[in-house]
Amino acid sequence: MNSLGSLAQLHAEAENVFGQRLLLPVDEQFVHSLHCPSSTAAQCAGNSVFSGLYNGLLQRTRCRDSGASPGIPRLLFSYVAEAVAASRNGEFMGPLCSPLRKSHAAMLRSNEYFLTEKSDGTRAILVSLCVQAFPCWVLRGADGCSRSSLRLDDVAALEDMRQQFCRGATPLSGGRPLQLSPGAFSVEGERTISPDGEVETFTLKPCPAPPSAAACGTNSVTAERKWGARHMAYCFDRSMEQAYLLLEEYAVPSLSAFAVDGEMMIAVTDVGENGTRPIFGCFDVFRYTQAKDAVDRDALLTRWPMSKRYEALRELIIAPMHASENARSPAPFLHFFAKEMFPINKFGECLSRLRRAATGEGTGGVEYYYDGPHGITRSDGFIFTPEKFDLVQGASKEQLKWKWPSLLSVDWSITAIAGRTDEYVVDLFFRKRRFGHRPDSVGRSRLSSAMFLLNPFSLRIPTERSVVAECVFDRQEKCWSIERLRTDKAEPNSVVTVISVLESLVEDVTLEVLIDMLGVADPLLASEVQSLQGDADADAGAEETAAWTSEASVEHRTCQLTLRATQLQTPGEHELHLYWAVRISSEKQHIPCIHCKVSECAGLGFACPVEDKTSRLTENLYIALANAGGSCAWSDFTVDAVFDGDAGRWNIVSLHPTGENRKSTSVGVIEHLQCLLVHGRETARAVMAFADEQQTYGATNAPTMGLLEKTNNHYACKTRELSTGKDRSALRLFNNWVKNILISNAVAYLQMQRGRDAKGDGLAVADLCSGRGGDLFKWRAHKPRYLFMVDSCLEAVAESAARYSVSKGLSVKVAPQEKSNPGAFAYFTVCDVFDETGSLAAKFENFFNAYLKERRFDIVSCQFSLHYGCSTEERMNCFLRAVSAALRPGGVFIGTTVSDVELRRRLAEHGPVFGNSVYTVRFPAEASPGQSFGVQYSVSVESSVSELPEYLVPWERLVALCGPLGLQLVESLGFMAYRELHYNTPKGQELRDVAVGGGKRDSDGHASLPLSSEEMEAASLFRTFFFVKS
């Protein structure tokens, strides 16, 4: 044995390979009974609980069905899970690495990272729990040789022998020998008890020709028993199928419990030799519990920096464990140690311990070995861990794993095809966890066509059933090659694993490329790289590049993925993902799965948003998705994408708003990556170059000028700040209530005056200067059929589009059971609505052509924004003409804006600067505003508006402009007057409850909307308006 695939393998093979058992499978009953308080009390009373528990466990293990999985005992799971954020029941708690990509170079260089050599072993978590009252035995020979901390199977055998004495049974001197690790013994005489009653002594005599009698001499051996503490070490691997108890003791006297993360490996004596002993390398610690008399007894290390956790691992756990082992004889067979962790600038020191060896068997014919302080182990690659690395369950985007390219392999499930040499049916494993909502989706996914595989070792592959075969990609032959059959595995690699391995193969991050990514300057590295990488590997890249082609006839040059926005658990947060789907026989429908975040992609002429903060790829795709109906329950918005092996990212090359999502499959992704492996990265380069020439999104990134740019930048910043669902102030709640009343009154007016049109369709609404879409849910309450949302700030429109896309009652992509609430067709666009060149009218025309045809809007709303458009009369007149032309007769134009009457009054009363702790207004010192456009001032209101330039709204002049356009003013009230009019009406009471939710109630039983005197002063700056189109 020179590699280890699982703890189950170690348990099954240890006795044959190493001459002794190392692990004992445990279950819930054993762990609970041994560590619960009642068992400790029984032990202290002198009863030997352990012997019965141990024998019962052996009996249950023998009787258990070989296919049954007892899982991880709750005490072990919870001790670790409580220290790991986002832990989910039944899943492996340790953080999982992400494959290292070329796109990670900037992150690795800009953050403090540590590297650890990754050996070819089994990832496992070890939990040590101390039993305070345990029967501790010591074997003492006449020559002074002694054995303490006996193996648990020896303790159980001695306890069984002692119980025979306690029951008055015949001594073992004439019966079956007592089998212990040192050999076989017979029991001589009776037991003796010390005067204080704490120590029991038995005399054991080695049987003739004992296998290891020399270890304790050939004379009689004294077996002493007394009560003491025993550290029980349990471990489990990523399968989470079974926990195991280590038969040897690994004591840390100062701790009563601890949990560490590490890997079980096999050490060899020399490169290429078979393994000689198992070792357990620890690289992280989750939690430790100190002795009862210690301060800060229980330490959860969830948020500790990596360097501090590593120091705790070495100083508080490994060092005391080694000291305890040195004080006893013999030392444990299984050796624990802290794996070496190097800063990035010491990469050369780590590399100097690696060796490359050619082999006739194994992946790629090459193996790598790490000559560490505790033995030589087979090496897989390196783990890169950041200093700021919280313990969070699941895949980590910050902790990265690099694997030797020649060791990258895939375990396919293959079935030979009769009569077709080297062609096979290929399946992959798939599981989608449902977390208790319904049974997990589990099965196999089949590639769409047979795969050609080399079989250099002439392995027998059956045609009547499938076998799991480990395969490597032969870059010279440009196809996969079967290396060995995995008889130890029942399932092939998962779909996700295969895609990840294929991406790594396409990128081909060699050791030389890795060092360049890290930016490490060490003159010794060049020679180390040459010896490890070898001439063949160094030349491979050049040879492959020459053979790559960009022929137009190449199939699978792109793959199709589905675009979907999803609501995250945190209120107000959402994410845009690309999906593929899997079809398995046990499910009727395709099963969608996340492929990657759009924010980690590039394309459509945009850089990757993660790398370039100015990229607007995500914003544009949010808007495009919303304009295709969103994705509340499902999405048919598909994209064509390629994997850019040069950058290590997916690149979106074209959009299909009404695509066929069933064609977005994992098989398609795999076939595309296989295509790049065969034909080279130049294929992807050609596709991306053509797509960049065709891209049409540049206009949305066009710079804006002057005050509009300042306004957009301000609201873009506020979009990021206010999109996390934080509590709203009383003033914001009040303003929303006013808008809600105004919208409800407009809808009620239309229903009373005009009713619904003959077809019974819902309202058609335009929300101008719609911002982040705060009014979307106000409109949703009235079930409109069409929504037009426009703002000059791209980030705000994208946030609004995202809200629409993930919301029931807005997105038209609803579940079948939601047909009674079909949502609204929406059009989101970026435009300066006050632009005097007619941009708004052109946007309206696009919407009419797509949706309304000859019909026009029922309602146009412009909330808290008219004051940004009053820089010139021409701009406002152009805006009002577009509004009037877009309204149907009887339609209404509603909104809120700053009251010029209040501004002039306060300016005359207080001078050019006035306000309070809630708001501040600054006029130029020489300001003398009248009924004219172009009077500028700046305003700040709480956290929503900060020193933003606005223009006085000359209300009488604006109303005069509306008259010739057929817009007749019905009502305009200040906010305080509007509050007085509607606060206690049935609709006002209902919408108070909607605005506030819980909290204090007024005497009428409805939610209270109290404002302080300063908030009232700020709110009274604003007015409502209600126009009707004649």
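**Exercise 1.** In this predicted model, find the sheet that 4 strands form and work out in which order they stand.

*Solution.* Start with the order: the open sheet reads S37-S38-S39-S40, and its pairing is antiparallel. Next, look at the edges. Strand S37 (913–915) and strand S40 (945–951) each have a single partner strand, so one side of each is left without a neighbour in the sheet. Finally, check the twist: on average, neighbouring strands here are turned by 20 degrees against each other, direction ignored.

**Exercise 2.** Now zoom in on strand S39 (residues 936–941) and say how many bridges join S39 to S40.

*Solution.* Count along the antiparallel pair and you will find 5 bridges. For one residue pair to display, pick Val 939, whose bridge partner in S40 is Leu 948. Then add helix H22 (residues 900–910), which lies across S37, strand S38 (919–922) and S39. The helix runs at about 115 degrees to S37.

**Exercise 3.** Turn to helix H10 (residues 495–507) and helix H14 (residues 666–679), and decide how their axes are oriented to each other.

*Solution.* First, take the geometry: the two axes come within 9 Å and cross at roughly 20 degrees. Angles under 35 degrees count as roughly parallel, and H10 and H14 are therefore roughly parallel to each other. The crossing of H10 past H14 is left-handed.

Second, list the contact. H10 contributes residues including Val 495, Ile 499, Leu 502 and Glu 503, while those from H14 include Val 669, Ile 670, Leu 673 and Gln 674. Sorted by class, this contact has 11 nonpolar, 2 polar and 1 charged residues.

Methods:
Residues numbered from 1 in each chain as written. Predicted model: local features only at pLDDT ≥ 70, side-chain atom pairs only at ≥ 80, totals over all residues. Heavy atoms only, no water. Axes fitted to C-alpha atoms, helices over the stretch in contact; angles between N-to-C directions. Helix = DSSP H or I, 4+ residues; strand = E, 2+ residues; numbered from the N terminus. Parallel < 35°, antiparallel > 145°, perpendicular 65-115°, else oblique. Left-handed = near helix turned anticlockwise from the far one by under 90°. Contact = heavy atoms within 4.5 Å. Nonpolar A, V, L, I, M, F, W, Y, C, P; charged D, E, K, R; others polar. Pairing = 2+ DSSP bridges.
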